[in-house]
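Open the structure in your viewer and follow along. Each stop tells you what to select and what is there.

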Amino acid sequence: MMNSKDKHKADSKDNLETLRHSAAHILAQAVKELYPETKLGIGPAIADGFYYDFERKTPFTLEDLAKIEERMQRIVKAALPFLKSVLSKQDALEIFSELEEPYKLELLEDLENDEVTIYRQGNFTDLCRGPHLANTGELKSFKLLSIAGAYWRGSEKNPMLQRIYGTAFPGEVELAEYLQNLEEAKKRDHRRLGKELDLFSLEEDVGPGLVLWHPRGAMLRKVIEDFWRDEHLKRGYQLVYTPHIAGENLWKVSGHLDYFREMMYPSMRMDERNYLLKPMNCPFHIRIYKQKVRSYRDLPIRYAELGTVYRYERSGVLHGLLRVRGFTQDDAHIFCTPEQLSKEILSIIDLIQFMLEAFGYKEFQVELSVRHPDRSGDYLGDDEGWARAEAALVESLDKRNLSYTVGEGEATFYGPKIDIKLVDALGRGWQGPTIQVDFNLPGRLNITYVGDDGKKHPVMMLHRTVLGTMERFVGGLIEHYVGAFPSWLAPLQIRVVTINQGQEAYAKKVLQELQEKGLRADLDAGKETISYKIGKAEREKIPYILVAGDREVEAGTVSVRKRKDRHQKVMKVEEFIDRIQEEIKNRE
RNA sequence: GCUGGCGUGACUCAAUGGUAGAGUACCUCACUUGUAAUGAGGCUGUUGGGGGUUCGAUUCCCUCCGCCAGCUCCA
């Protein structure tokens with residue numbers, strides 16, 4: 001049941017949507033007034049604002065944007081009422097054919113109901129479900145933000161229209177706040193922080209989407225990988241390693257050459273054979289499974305590998321660490337009996353949840369991807385198997401009380417899946433952890449186990465990642481912590497700093513003590529002022545600075561300064577070591 | 001891949017149809033410093049690559065590459 005507070009919240013969300021949707025109409029009116037030859041696409045409200053798609057021969061420029069915004073202001077000032085009319089589809093078709101709006105006609109023709117609504121303000125008419133503001137004067141605070149191409153109806157087979165993005169808020173304060181947040185978010189961008197903190201780089205000569213991990217980034221990754229490995233071993237996984245290339249036949253048999261070729265790098269030839277760079281790890285894990293006859297008693301078998309794969313991603317989609325061409329999946333394949341499937345899925349969900357929470361993620365978006373109800377012919381595997389697999393996925397999500405959205409038709413051709421999205425600084429979602437049931441490979445590669453009846457049965461197979469890939473996960477993590485990693489993750493945990501050169505010997509002794517305890521520390525014994533050294537360490541976002549001045553040398557202590565905390569505490573080195581080790585152990 | 005924008009020293013950015021400057025970083029010297037940037041001096045560029053227009057291009061045009069935003073696609 002909805003309480004009054006929730007109801008109010010829902011109302012204001014609807015109000016914001018109405019406001020933005022109306023803003024989109026005003027945008028379209030302004031564009032039509034300034035550039036009458038423009039054809040209208042669609043113009044909805046979105047999470048952070050609104051957009052409208054237009055077809056026009058000459059592209060909009062930034063100067064046009066300013067002009068359009070001005071014209072919108074004029075329409076707002078005129079306070080034109082939004083007039084709704086309900087009419088028959090036939091009448092609407094006549095109106096939009098008179099207006100020469102081909103895209104609107106296409107939309108109308110696809111509408112199934114016979115009654116449609118249109119809205120008018122001033123001389124502008126749009127096909128629209130509504131609702132809208134009472135009049136254009138109610139739009140107070142808005143701003144046009146950007147221009148981009150967008151395919152008509154989201155299909156790259158269709159012509160590309162020009163999309164104008166904007167945002168609108170009930171008041172100037174909210175708008176200013178939103179724009180400022182946008183600026184703040186840019187400072188959290190992992191590409192910027194990755195450079196500032198010297199974590200990684202991408203370089204033209206190496207190639208687009210191919211990552212160079214610098215020492216600090218590599219250390220961060222090592223810590224994550226160690227944690228990942230330990231946790232997998234605790235949970236009954238076995239680690240494997242497999243090559244980066246394999247003979248063509250492996251990929252032919254697995255179906256990758258039929259279904260995944262356009263994502264794969266061209267083959268290389270040696271000794272009269274063709275080899276391909278691996279885009280996935282599964283065929284290798286399956287070959288390991290097939291080395292022996294497996295009994296039901298051996299199952300489940302869980303092979304895990306931090307497997308580096310290469311995929312040809314289209315140039316326009318590359319994005320820092322979040323979308324690359326060479327990446328390391330924290331992959332595993334689970335071979336089990338149909339009876340074991342539910343339990344395996346559940347324990348993967350538990351592992352994902354445990355891992356993400358360890359990295360400070362409190363909530364995440366879960367999507368269940370199932371078959372398209374009308375297109376069962378497009379999928380491999382029988383209905384019964386799909387039904388059972390989908391039920392197992394749903395059951396596991398429900399058991400752990402996870403809310404999720406259902407993506408109909410989002411399943412892969414070989415099976416249903418659960419995807420978890422990580423959200424970046426600008427609110428964009430990136431698919432990370434995934435659990436996929438596979439109805440293709442077991443049959444295709446004839447992977448079986450011997451049941452208690454002594455007969456061979458097809459095995460159930462799961463693909464899964466719990467972080468996704470090291471690249472995407474670390475990219476997300478940088479933004480999540482804004483580069484200020486907790487001590488257990490920080491590539492460099494401690495910087496020892498001297499005040500003048502007299503303390504260098506003592507500082508070196510302190511450093512050695514820290515390093516002997518396995519702590520990641522370095523020393524700044526430079527000639528600069530203490531303020532300079534503190535500032536430098538703070539900019540590097542090192543969790544702890546230990547200052548060794550004359551007083552500390554005298555007393556055998558260090559002055560401990562925690563990141564972003566001006567109040568330092570003086571203590572014995574041993575005491576500091578105890579404290580930070582406790583912090584690291586608890587992953588605080 | 002598509003649409004639009006951008007590409008200047010290691011980084012952030014400036015400038016002009018007449019062969020480029022500032023800050024940071026780096027190096028040197030002086031200062032020996034008590035918790036977010038001591039001072040002075042110095043070094044750094046085939047202005048993304050190639051081609052064209054021009055007496056002359058970093059600036060204008062073409063082309064390729066890369067980056068950014070969005071679309072499409074994905075871990």
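Start with the largest pocket, which holds about 1000 Å³ of space. The model is predicted. To find the pocket, select Phe260, Met280, Arg311, Gln431 and Gln436. These lie nearest its centre, out of 38 lining residues.

Now colour the elements around the largest pocket. Helix 9 (256–259) and helix 14 (470–480) each give two or more residues to the lining. So do three strands: strand 16 (326–336), strand 20 (429–438) and strand 23 (460–469). Next, colour the lining of the largest pocket by residue type. You should find 16 polar, 12 nonpolar and 10 charged residues.

**Second stop: the second largest pocket**

Move to the second largest pocket, with about 770 Å³ of space. Select Asp48, Leu145, Tyr178, Leu182 and Leu426. Of the 19 residues in the lining, these are the closest to the centre.

Which element gives the most to this lining? Select helix 5: it supplies seven residues. Helix 5 spans 172–188. Strand 7 (141–151) and strand 8 (160–169) each add at least two residues. By type, the lining of the second largest pocket has 10 nonpolar, five polar and four charged residues.

Where does the second largest pocket lie with respect to the domains? Give domain 1 (12–186) and domain 2 (204–476) separate colours. Both give residues to the lining, so the pocket lies between them.

**Third stop: RNA strand B**

Show RNA strand B and select the protein residues around it. There are 53 of them. Arg323, Gln431, Gly432, Lys527 and Ser559 come nearest. Gln431 is one you have already selected, at the largest pocket.

Colour the surface near RNA strand B by element. Helix 16 gives the most, with seven residues. Other elements supply at least two residues each, including helix 6 (190–196), helix 17 (550–555) and strand 27 (557–562). Some are familiar from earlier stops: strand 7, strand 8, strand 16 and strand 20 are also among the suppliers. By type, this surface has 19 charged, 17 polar and 17 nonpolar residues.

Now look at the RNA side. Of its atoms within 4 Å of the protein, 53% belong to sugar or phosphate, and the rest belong to bases.

Finish by zooming in on contacts to the bases. Select Arg323: a polar side-chain atom lies 2.4 Å from a base oxygen of RNA strand B. Go to Ser559, where a polar side-chain atom also sits 2.4 Å from a base oxygen. End at Gln501. Here a backbone N or O atom of Gln501 is 3.4 Å from a base oxygen of RNA strand B.

How values were computed
Residues are numbered from 1 along each chain as its sequence is written. Chains are lettered from A and ligands numbered from 1 in the order in which they are written. This is a predicted model: local features need pLDDT of at least 70, side-chain atom pairs count only at pLDDT 80 or more; totals for chains, interfaces and linings use all residues. Side-chain values use heavy atoms; hydrogens and water are left out. On a 1 Å grid over the protein atoms alone, a cavity is a set of points where a 1.4 Å probe fits but cannot get out, and a pocket is an open set with protein on both sides within 12 Å along at least five of seven lines; lining residues have an atom within 4 Å of a point. Grid points are joined across faces, edges and corners, and a volume is the space filled by probe spheres set on the points. Helices (H or I, at least four residues) and strands (E, at least two) are DSSP runs, numbered from the N terminus. Ala, Val, Leu, Ile, Met, Phe, Trp, Tyr, Cys and Pro count as nonpolar, Asp, Glu, Lys and Arg as charged, and the others, Gly among them, as polar. Domain bounds come from an automatic or database domain assignment. A residue is near a molecule or strand if one of its heavy atoms lies within 4 Å of it. A polar contact is a pair of N or O atoms within 3.5 Å; within protein, one must be able to donate a hydrogen and the other to accept it, and residues adjacent in sequence count only if both atoms are side-chain atoms.
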